[in-house]
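Biologist: Could you take a close look at the aromatic rings in this one for me? I'd like to know what they pair up with and where they sit.

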Amino acid sequence: MLFSSVPFLFYFLPCVLLVYFLVPGTLKNGVLLLASLLFYGWGEPRYLLVMLAAIAQGYVFGLLIEKSRGKRRAGLYLALSVLLSLGTLVYFKYADFMIRNLNALTGLSVPLLSLALPVGISFYTFQILSYTVDVYRGTVPAQRNLIDLAAYIAMFPQLIAGPIVRYSDIAPELRSRTHMLSDAAAGTRRFVLGLAKKILFANLLGELVSGFRASQEQTVLYAWLGAAAFTLQIYYDFSGYSDMAIGLGLILGFHFPENFRYPYCAGSITEFWRRWHISLGSWFRDYLYIPLGGNRKGKGRQLLNILLVWLATGLWHGADWTFVLWGLLYAALLTVEKLFLLRGLKKLRVLNHIYVLLFVTLGFVLFDADSIRDAATSVCAMFGGGGLPLVGQESLYALRSGAVLLLSAAVGATPLLRRLITAAQQKTAGRAVLAVLEPVGLCLLLAVCTAFLVDGSFNPFLYFRF
């Protein structure tokens, strides 16, 4: 079930919120858990057992680790929990990838398992891993209430696409939380804006991308239009979903971490990854990069750690060599910045942003490609490889017809609108106008989004495959 769907918006969510706010506080986590299981099972009920088994092992090993803290057994229990969590993820997500490569290397014909990837498995696996590791470190106590732990892991707002919420972030709110009207209002605003980003930008940009791919005309302009449209689409798709998740969390009394902070305004690749998918980047930092030694064991070891982290980051996104190469690309860029480039970038005012946008766009061409060969073909086309013409009639028509959408999306990916609203809020007249316009505008946005959902069938979600 997608947030951006009529069944979720007008059937599931209203019923869940009605029951959730009617029951006493002691039952709210139980209602949240049941709603989350229904939400997850809506699309693929058979994989409910996989998630429930993952929750059960995290619960049991969390208790065993805490009981054995300070003893060698605690490390053994942690290792078993990590092995089960990662083993399940590897089986469903990477088994066919490994079989294909084994067959290619050895000439064998081992049959593929052809397993469907359980939705959200990468996200809830990382949440379970962070929970058991934090219990082992003594950062958090083990959760003795199975319903509370299961509600945290399976919580439907962030279950299938994040942000990756650590148990330590919301443990106090799992025990007791305050439901304030101001938080509910802020959450509703955030949800509707995220929905608009998904429906009015990501989906429409996705249609542009599909049109570019279907075109028979091959030009440099078309190659750049397709790359730019996908770069904007994936931002609005994922950040819009994160906004909806954070907004739903606020309505339910939880404060999830931010996941995007205008990443396309970054002045370096290092800064870009501090602004894009923040919860994933901080997870790899705290649970892989720092345990490997971080920057504490010399420059050479630090660069090796960056390489290992970005190999893992690439593979986390998908079981294909394109994702491995995508991770290596960012490992190389971050390494160059660490060694010498970062100091120079800080002195530039425009060229640093162009550099970031260029490599991020090229990275997303690789990210979106079906194979390394397809990615190489697309990149060559962007730079006129193979004698491609710069423009053609079809590509010029596509530019004219998509210019308003692309320009609007580009401006919307900057903090310009937010700054204008902040400036208006500092004036009495501005606050009065916003007090009227905001609720009216949000209602209109919801109505327009609903009209698009009812009228159209193009409503993909890119991060389902991760």
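**A close look at the aromatic rings**

Modeller: Sure, let's start with a charge and a ring: Lys28 lies over the face of Tyr20, 4.8 Å from the centre of the ring. Keep in mind that this is a predicted model. There's another case at Trp316, where the charged end of Lys93 sits over the ring, 5.3 Å from its centre.

Now for rings with rings. Searching the whole structure turns up 51 aromatic pairs. Take Phe126 and Phe284: their ring centres are 5.5 Å apart and their planes meet at 75 degrees, so this pair is edge-to-face, since anything over 60 degrees gets that name. What does the pair link? It joins distant parts of the chain: Phe126 belongs to helix H5 (residues 121-137) and Phe284 to helix H11 (residues 278-289), 158 residues apart. Both Phe126 and Phe284 are buried.

Next, look at Trp276 and Phe364. Here the centres are 5.3 Å apart and the planes are at 50 degrees, so we call the pair tilted. Trp276 is in the loop between helix H10 (269-275) and H11, while Phe364 is in helix H14 (residues 351-368). That's 88 residues apart, so to speak another link between distant parts of the chain. Trp276 and Phe364 are buried too.

And the cysteines, while we're here? The structure has zero disulfides. Cys265 counts as partly exposed because its relative accessibility is 23%, and Cys380, at 44%, counts as partly exposed as well.

Key:
Residues are numbered from 1 along each chain as its sequence is written. This is a predicted model: local features need pLDDT of at least 70, side-chain atom pairs count only at pLDDT 80 or more; totals for chains, interfaces and linings use all residues. Side-chain values use heavy atoms; hydrogens and water are left out. Rings of Phe, Tyr and Trp (its six-membered ring) pair if their centres lie within 6.5 Å; planes under 30 degrees apart count as stacked, over 60 as edge-to-face and the rest as tilted. Helices (H or I, at least four residues) and strands (E, at least two) are DSSP runs, numbered from the N terminus. Buried means under 20% relative accessible area, exposed over 50%, partly exposed in between (1.4 Å probe, protein chains only). A charge sits over a ring if NZ of Lys or CZ of Arg is within 6 Å of the ring centre and within 35 degrees of the ring normal. A disulfide is a pair of cysteine sulfur atoms within 2.5 Å.
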